Amino acid sequence: MAKQSIVPFGPQHPVLPEPIHLDLVLEDEKVVKAIPSIGFVHRGLESLVEKKDFNEMTYVVERTCGICSFMHGMGYCESIEHIMNVEIPDRAKYLRTIWAELSRIHSHLLWLGLLADAFGFESLFYQCWRMREKVLDVFELTTGGRCIFSVNKVGGVLKDMDAEMLKVMLDVTAGIEEELKVIKKTFLFDYTVESRLKGVGVLTKEQAHNLGAAGPFARASGIKMDMRTTGYAAYKDLDMEIITSEAGDSFARCEVRINEIFQAIDLIRQAISKIPGGELSAVVKGNPNGEYFMRVEQPRGEAIYYSKANGSKFLERMRIRTPTFANIPSLLETLKGADFADVPLLIVTIDPCISCTER
Amino acid sequence: MGIVKRSPWLLHYDGSSCNGCDIEVLACLTPVYDAERFGIINTGDPMQADIFLITGGINTQNQAVVKQLYDQMPSPKVVVAVGVCACTGGVFKECYNIIGGADTTIPVDIYVPGCAARPQAIIDGIIKAVALFQERADEQEANQKGQKTENAALNEAGKETGNGN
């Protein structure tokens, strides 16, 4: 047996925007085992339910993560709305869907950039982030914020989009679609990129199922699972097909995410064409009493929001299960037998969001 | 060895931030805002860094990491706390695992407010940090020169007394 050595990876590492620590057990250049240790970003925000009432909690939940901030707020608000039996206006549902899909575009573009950075293609990284700025400009136009924009509230949304904003949104998404078609060629049909991605970190369908993978990571292994088909917000009125790939390697994950951006653009178009008029929020009276599980499809996969209320204005318990947490066991599986040089790339392919995971 | 005065290098570490300030810092370094035009470069190596950008508050587990990163940086160094969590603890101030802002662990020079801090504010903080860094570099150089001339004067004096005997 070759000599084993342990290489510590993180918490501060050039490729990681966020701190996670892995002890990599190596045999020559191959990884035999990866031992994670987490907790560098743990704040304990779930415990804040004791100090903030259920309305204020929306702003705390939105700060679970700055990338999928909107969807965190949406999931939490929908769980409270279900407990209180509040039917939110249709326009609010559509507005939530539009913002959620825009968040997905911005998150996936961010991921594509980080992936390009991880395999050392810096100009591609910059191109992806340049496109992402356009989405952030739309957020700023419609809500006033760039990453954390707090437009959700229990019972609906706080801000409206007028016809002009919707037109700008259509123009911007059309522009992104055109540019993405060009960039897609580099990601999917470039010899160099292919040689870094194809066959790297394969996760079979069985493994993904047994280890409970979620989101695009699971869909790249052929698992047909997308919480948007459960029809929360306005998704039940929109046509969508779950995007999957069979290969289960890093290339498939990249392909799935690129196609999901096109799908998100399509969903935004459908939502804008169908958006009804009307109120922005329903009147909410009293305090919640009961419990509910809400499942939301985030850019990284399925997130679960559990709220338990006891009739007072403070919730009894609030729990978030985030997709990255579900994907870490699968990541450790894909790291086994990988080259040491591929480790940063493989960590990026699950689209890790450590601040979601550790809350 | 000479003291670096121009083109400081930047180290970014995510304390316990929610990612919002984090990606805004990264957005600052990429095309649209391009903070690199002020002569800075983002590096992953604390031993080569001059400006330390920290986002997010300090919790019990990352306190040692932040302290270590700060100690590894060569002097002169400047610390910028980006976002309200790094300044005071922000919305998470009351959480059981948060000790407080970055200044509970390391000396902070520049505070950038905002949740999430806007790129314009972060760039403003970086420009101030670059100016402060140059000031400190000048100061340190002057000190070193002063020490050198002092040493030289002492040597001279030593020689003279030596000759005198």
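**View 1. Cavities of the predicted model and the lining of the largest one.** In this predicted model, the structure contains 3 cavities of 30 Å³ or more. The largest cavity has a volume of about 190 Å³. Its lining is made up of 17 residues, of which A:Pro17, A:Glu18, A:Leu114, A:Asp351 and A:Pro352 are the closest to the centre. At least two lining residues each come from α3 (90–118) and α11 (343–349) of chain A and from α1 (20–29) of chain B. By class, the residues that line the largest cavity comprise 13 nonpolar, 1 polar and 3 charged.

**View 2. The second largest cavity.** The second largest cavity encloses about 70 Å³ of space. Of the 14 residues in its lining, B:Ser17, B:Cys18, B:Cys21, B:Cys85 and B:Cys115 are the closest to the centre. Two elements of chain B, α1 and α3 (84–88), give two or more residues to this lining. The lining of the second largest cavity divides into 8 nonpolar, 5 polar and 1 charged residues.

**View 3. The largest pocket.** A volume of about 500 Å³ is found for the largest pocket. This pocket is lined by 26 residues, and those closest to its centre are A:Pro14, A:Asp117, B:Leu26, B:Asn42 and B:Thr43. Chain A gives two or more lining residues from each of α3 and α4 (122–143), and chain B does so from β1 (9–14), α1 and β2 (41–43). The lining of the largest pocket has 14 nonpolar, 7 polar and 5 charged residues.

**View 4. Surroundings of B:Gly100.** B:Gly100 belongs to strand β6 of chain B, which spans residues 98–100. The relative accessibility of B:Gly100 is 8%, and the residue therefore counts as buried, the cut-off for this class being under 20%. Apart from neighbours within four places in sequence, B:Gly100 makes contact with B:Gly57, B:Ile58, B:Cys85, B:Thr88 and B:Gly89. Of these partners, B:Thr88 lies 12 residues away along the chain, with a separation of 5.8 Å between the C-alpha atoms of B:Thr88 and B:Gly100. B:Cys85, another contact of B:Gly100, is also one of the residues closest to the centre of the second largest cavity.

**View 5. The open antiparallel sheet of chain A.** In chain A, 3 strands form an open sheet in the order β6-β7-β8, with antiparallel pairing. Strands β6 (289–298) and β8 (315–321) of chain A are at the edges and have a single partner strand each, so one side of each lacks a neighbour in the sheet. From one strand to the next, the twist averages 10 degrees. Helix α10 of chain A (residues 323–335) lies across β6, β7 and β8 of chain A and runs at about 130 degrees to β7(A).

**View 6. Strand pairing within the sheet of chain A.** Strands of a sheet pair through backbone hydrogen bonds, in either a parallel or an antiparallel manner. Here, β6(A) and β7(A) (residues 301–310) run antiparallel and are joined by 10 bridges. A:Val296 stands opposite A:Ala303 of β7(A). The antiparallel pair of β7(A) and β8(A) is joined by 6 bridges, and A:Ala309 faces A:Leu315 of β8(A) as its opposite residue.

**View 7. The hairpin of β7(A) and β8(A).** This hairpin has 4 residues between its strands. A:Gly311 takes a positive phi near 95 degrees in the hairpin.

Key: Residues are numbered from 1 along each chain as its sequence is written. Chains are lettered from A and ligands numbered from 1 in the order in which they are written. This is a predicted model: local features need pLDDT of at least 70, side-chain atom pairs count only at pLDDT 80 or more; totals for chains, interfaces and linings use all residues. Side-chain values use heavy atoms; hydrogens and water are left out. Buried means under 20% relative accessible area, exposed over 50%, partly exposed in between (1.4 Å probe, protein chains only). Contact means heavy atoms within 4.5 Å. Two strands pair if DSSP finds at least two bridges between them. Axes are lines fitted to C-alpha atoms, for helices over the stretch in contact, and angles run from 0 to 180 degrees between N-to-C directions. On a 1 Å grid over the protein atoms alone, a cavity is a set of points where a 1.4 Å probe fits but cannot get out, and a pocket is an open set with protein on both sides within 12 Å along at least five of seven lines; lining residues have an atom within 4 Å of a point. Grid points are joined across faces, edges and corners, and a volume is the space filled by probe spheres set on the points. Ala, Val, Leu, Ile, Met, Phe, Trp, Tyr, Cys and Pro count as nonpolar, Asp, Glu, Lys and Arg as charged, and the others, Gly among them, as polar.
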